[in-house]
Structure formats: structure tokens, C-alpha cells
Amino acid sequence: MNTEGLVEVVLPGKVEPEGLEIRHGAVPAAGPGQVVVRMEATGVSFAEQQMRRGRYYDQPAFPFVPGYDLVGTVLATGEGVEPGLAGTRVAALIKVGGWASHVIVDAADVVEVPQGIGAAEAETVVVNGITAWQMLHRKARIRSGQTVLVHGANGGVGSVLVQLAQAAGVKVIGTASARHHDTLRKRGVVPIDYRTKNVAARVRELAPGGVDAVFDHVGGRGVVDSWRLLAPGGTLVSYGSASTRDDEGSKQGPVLKLLGRVWLWNALPNRRRAYFFNVWSGRALSKDRFRARLRADLTQVFAALQRGDITAQIAAQLPLTRIADAVRLAESGTVAGKIVLIP
């Protein structure tokens, strides 16, 4: 008999962090093809910062339970699911629903976490790790000896990107505020302070022929500079519009503008490519292919974590009930790595 109760965080509408609600209920039961995961770690990602402002381009209607990904142990399996999965530590990318003590997930969407990797460690590289891996290896197709520019090199995705790129033998130039420069230098990154330096001019000094790839989460007008810094044959991977987080107006607008630019640039005969990266792309076309790719890539990321190619950057661990503090901290811009929520 399961005596545990469900604890979840609800986003009721556009609210300040203090407006997030804690709700209690019964632990859900797994339906056919599903598992119940007892959450051990989830996190605050940039998507939730946008969702709380109603700015994430395909968020569900309020109220809902946020939480982009999670790591936990399979508590129960539904009909048609391998019963041996119970008791296994798994990770899942789910977009919403992770900020809860117990989460229902399709069994086909869980990826086993290897022995020896802790839940909080694994959590730091689920959405961030898949995003970084796919942008580097599936979009930019980086090769040893190349040079890349990573914007926000100390951020959740940026810090994983930097380490995976270096493991592949790539030289990294990274933008970050000055307080993160020592950490970046220790990692072998050439840091640029985006607040005081003319980033484009400094990148041209470091890479006169241009860089082989730029990873840009900022969007807005700066993405034009990113495109101009590419060497022939180079790739721009744009994966967000952080610069418009606090804007009012259409949440689709910034993304559509970016997509328009990307389309236009790719139509030009200039041997450079641009992508707007979305971790969910391809899911609507083929769920099976999407899941197979996600499982393969997350397995590679976990292997890199085990080898020490990447280190888990946990900025802070806070209980789910302190969600307001966790969101404030994540949005403060003062932390390196991931804010992890534990039950």
C-alpha cells in the first residue's frame, strides 16, 4: 500500500515567483504504456522563466504544473510495460509536469541513468545535455581543430556545450559576465565580457577568418552579428530569444522573426548555414524516431559525464516547496550551472 502523497507546484497564471502554488493530492496511477516516476531531481530551466511570464511559445493554458525534465525512480508500471523497469533510476524530457513528487511518464520516453550517476548530477544534463549534444553534433557537426563561439558560456546549456566541444577537440570562445571568466579560463575557454567588450570585434581578433559555429541563445538583433562572424562553411545555431524574455506583446513574434532570418540566410548562396534549434523538432513527424534519437543522445551525454568530459554544475539544491526562492535565484543571473529541485 502506497502511503505517500503527491506534492506539486502549480503555475496559476502570469505571477511573480511567490504566486506559484503548492498543491497536495493522491499519487497518480500508471495507465497502459505508462510509468509512475518518484521524482528525485527536477530543475528550473529558462523555459519556466518564460512560461511564468506567458512568453514560452507553445506553453499549455494556465493553470499547469511546470517542470521541463526530471530524474527519478520508477515506482510503478502500467499495463504493457516491462515490470522489471520498477526500481530503475530514469531521466525524462517532458516539457511540463516535472515539478511534482510523482510524475506519470510514457514508458517509451524514459532513459535509464547509468549506475554511479546521482540524481541531481543527472538532472543538470537532461534538457541542457541533449540540447548541447544535438546542436554540436547533429546541427553544427563540429570537428576537431575547429573554433566555435558560445554565448552565455557559463549558463545551463552553455557550460555543457563548452565541455562537450572541448572533449571533441574544438577551441571555444565564450561570452559571459566578468565574474565567470576565471572559471571559463580554467576550462580552457577564451572569455569575452559581453557587457563591456565589443564582442564582434574581439571575436574577429581571435578568429580573423571567422568561427566555424556560433551558438546563440540571446536572439534579437544580436543574432545578425552572430551570423556575420561565421567562416565560410560555418553554422549558426540559434536556440532561443533570451533578449525578449521580459518583453510584452506576442510570444510567437521573436521566434517568427528569427525563423524568417534563418530562412532568408539559408536561401543566400554563401556556403553558411543557420538553424533555429528546438529540442522537440521532429516529434510531431515521427515519435519513434524522435525517441530513438533522444535516447541515443542522452546516453552519449551520460557517458561523457561518467568519463569526466563534463562535470555536473549544480548551482543550488532546494526542496520543491521553496520554489519561489529557486525561481528567483535562477532568474538572478548570479549563478553558474543548474538550480536543482528535490522532493
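**View 1. The largest nonpolar core of this predicted model has 87 residues.** Among these residues, V35, W99, L161 and F215 touch the most other members. The model is predicted, not experimental. Helix α9 gives the most to this core, with seven residues. Another core lies apart from it. That core has 21 residues, among them A200, V224, L236 and W265. In soluble globular proteins, nonpolar side chains tend to be buried together.

**View 2. V35 and its contacts from elsewhere in the sequence.** V35 is one of the core residues that touch the most other members. Neighbours within four places in sequence are left aside here. V35 is then in contact with A30, V74, A76, T77, V81 and L85, among others. Its contacts also include V103, I104, V105, A107 and V110.

**View 3. Helix α4 spans residues 156–167.** The helix has twelve residues. From its first C-alpha to its last it reaches 17 Å, close to the 16 Å expected at 1.5 Å a residue. Nine of the twelve residues of α4 are buried, so the helix is largely enclosed by the rest of the structure. The buried residues are V157, G158, S159, V160, L161, V162, Q163, L164 and A165. They pack against helices α3 and α9 and against strands β8 (147–150), β9 (171–176) and β11 (211–216). L161 is also among the residues that touch the most other members of the largest nonpolar core. G169 follows α4. Its phi is positive, near 80 degrees.

**View 4. Helix α3 crosses helix α9.** Two packed helices are described by the angle between their axes and the distance between the axes. Helix α3 covers residues 127–139, and α9 covers residues 287–307. Their axes come within 9 Å and cross at roughly 100 degrees. That crossing makes α3 roughly perpendicular to α9, because angles of 65 to 115 degrees count as such. On the α3 side, the contact holds G129, I130, W133, Q134 and R138. These meet R293, L294, D297, L298, Q300 and V301 in α9. The residues of this contact divide into five nonpolar, three polar and three charged.

**View 5. W280 sits in the loop between β13 and α9.** Strand β13 covers residues 273–276. Is W280 buried or exposed? At 12% relative accessibility, W280 counts as buried, because the cut-off is under 20%. Residues up to four places away in sequence are not counted among its contacts. W280 touches Y56, Y68, L93, I94, K95 and F290. L264 lies 16 residues from W280 along the chain. The C-alpha atoms of W280 and L264 are separated by 23 Å.

Notes. Residues numbered from 1 in each chain as written. Predicted model: local features only at pLDDT ≥ 70, side-chain atom pairs only at ≥ 80, totals over all residues. Heavy atoms only, no water. Axes fitted to C-alpha atoms, helices over the stretch in contact; angles between N-to-C directions. Helix = DSSP H or I, 4+ residues; strand = E, 2+ residues; numbered from the N terminus. Parallel < 35°, antiparallel > 145°, perpendicular 65-115°, else oblique. Contact = heavy atoms within 4.5 Å. Nonpolar A, V, L, I, M, F, W, Y, C, P; charged D, E, K, R; others polar. Expected span 1.5 Å × (residues − 1). Buried < 20%, exposed > 50% of the residue type's maximum accessible area, 1.4 Å probe, protein only. Core = buried A, V, L, I, M, F, W, Y, C linked by side-chain atoms within 4.5 Å.
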